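Here's a quick tour of a single model, meant to be read with the viewer open. Pull it up and follow along.

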Amino acid sequence: MEAFYTIQGEGANTGTAAYFIRLGGCDVGCHWCDVKESWDAEQHPLTLTEDIVSAANSYPGKTVVITGGEPLLYNLAPLTSQLQQEGIKTLVETSGAYPVSGNWDWVCLSPKKFKAPDASVYPFADELKVVIFNKSDFKWAEAHAAQVGEHCKLYLQPEWSKAADLMPLIVEYVKQNPKWRVSLQTHKYMDIP
Ligand code: SF4
């Protein structure tokens, strides 16, 4: 759908320069999704894997974030192996709705209520990033945390449009449950993509 070089704004890799590769296509259907134009893959012309890798390699930050849409709709083995052959780190942002394909240096699992993660995805998660939209979401976040591995970092992130109301709740929750950390969409504060 699009690709751009920017700074990862959220989660464990916040502040890292990275080439974002956004794949078209998503059937998860989050009502607060801020990239609804990604949902219909047919709207986005196909791009050769080699061209994507070559573009990613033209930037000094040798890290890519593959996002969507829901990137795991596709077999990502060819793309990720070619990126890694060029010495580029591969990070993915996924709802976990489909089994993991590809070779990853970092898997960020961000489950969505509208389509539960496939059970096979949890062990791959290096980072669990739960978007908090209302008070009941803390319980929902714990249900996912119970399924990831011990190495997985846990993040709670306020949904952007409700961040002002939710921040005090999240701050208090993390103070009481310090296995969690706060994630903010810092790119939105920095006004970068
Ligand atoms: S999974 Fe991501 S791209 Fe798909 S609807 Fe939800 S927020 Fe949007």
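The notes below go from the ligand shell to the nonpolar core, then to one strand residue and one helix.

Keep in mind that this is a predicted model. The ligand shell includes Cys26, Cys30 and Cys33, and those three cysteines also carry a UniProt annotation. Elsewhere, there's a nonpolar core of 38 residues to look at, plus a helix with its buried residues on the same side.

**Around the ligand**
- The residues around the ligand are Cys26, Val28, Gly29, Cys30, Cys33, Val35, Ser38, Gly68, Gly69, Glu70, Ser95 and Lys112.
- By type, that shell splits into five nonpolar, five polar and two charged residues.
- UniProt, in an unreviewed entry, puts a "binding site" feature at Cys26, Cys30 and Cys33.

**Two of the cysteines**
- Cys26 sits in the loop between strand 2 (17–22) and helix 1 (49–56), and Cys33 is in the loop between strand 2 and helix 1 too.
- Cys26 counts as buried because 23 other C-beta atoms lie within 10 Å, against a cut-off of 20 or more.
- Cys33 has 15 C-beta neighbours inside 10 Å, so it comes out as partly exposed.
- Setting aside residues up to four places away in sequence, Cys26 touches Ser38, Trp39, Gly68, Gly69 and Glu70.

**The nonpolar core**
- In soluble globular proteins, nonpolar side chains tend to be buried together.
- The largest nonpolar core here has 38 residues, and the members touching the most others are Val64, Ala125 and Leu128.
- Beyond residues up to four places away in sequence, Val64 touches Ala18, Tyr19, Ile21, Ala56, Leu83, Ile88, Thr90 and Leu91.

**Leu156 on strand 7**
- Leu156 belongs to strand 7 (residues 153–158) and is buried, since 24 other C-beta atoms lie within 10 Å.
- Not counting neighbours within four places in sequence, Leu156 is in contact with Val130, Ile132, Ala141, Ile170, Tyr173, Val174, Trp180, Val182 and Ser183.
- Leu156 and Asp40 are 116 residues apart along the chain, with 28 Å between their C-alpha atoms.

**Helix 3 and its two sides**
- In helix 3 (residues 137–145), the buried residues are Asp137, Ala141 and His144.
- They span an arc of only 60 degrees around the axis, so they end up on the same side of helix 3.
- An α-helix has 3.6 residues a turn, so residues three or four places apart point the same way.
- Lys139 and Ala143 are exposed on the other side of helix 3.
- The buried residues of helix 3 pack against strand 6 (127–132) and strand 7; one of the contacts of Leu156 is Ala141.

Note on methods. Residues are numbered from 1 along each chain as its sequence is written. This is a predicted model: local features need pLDDT of at least 70, side-chain atom pairs count only at pLDDT 80 or more; totals for chains, interfaces and linings use all residues. A residue is near a molecule or strand if its C-beta atom, placed from the backbone, lies within 6 Å of it. Ala, Val, Leu, Ile, Met, Phe, Trp, Tyr, Cys and Pro count as nonpolar, Asp, Glu, Lys and Arg as charged, and the others, Gly among them, as polar. UniProt positions are given in the numbering used here, feature names are shortened, and annotations may be inferred rather than shown by experiment. Helices (H or I, at least four residues) and strands (E, at least two) are DSSP runs, numbered from the N terminus. A residue is buried if 20 or more other C-beta atoms lie within 10 Å of its own, exposed if 12 or fewer, and partly exposed in between; C-beta atoms are placed from the backbone. Two residues are in contact if their C-beta atoms, placed from the backbone, lie within 7 Å. A nonpolar core is a set of buried Ala, Val, Leu, Ile, Met, Phe, Trp, Tyr and Cys residues joined through C-beta atoms within 7 Å. The arc is that of the directions from the helix axis to the C-beta atoms.
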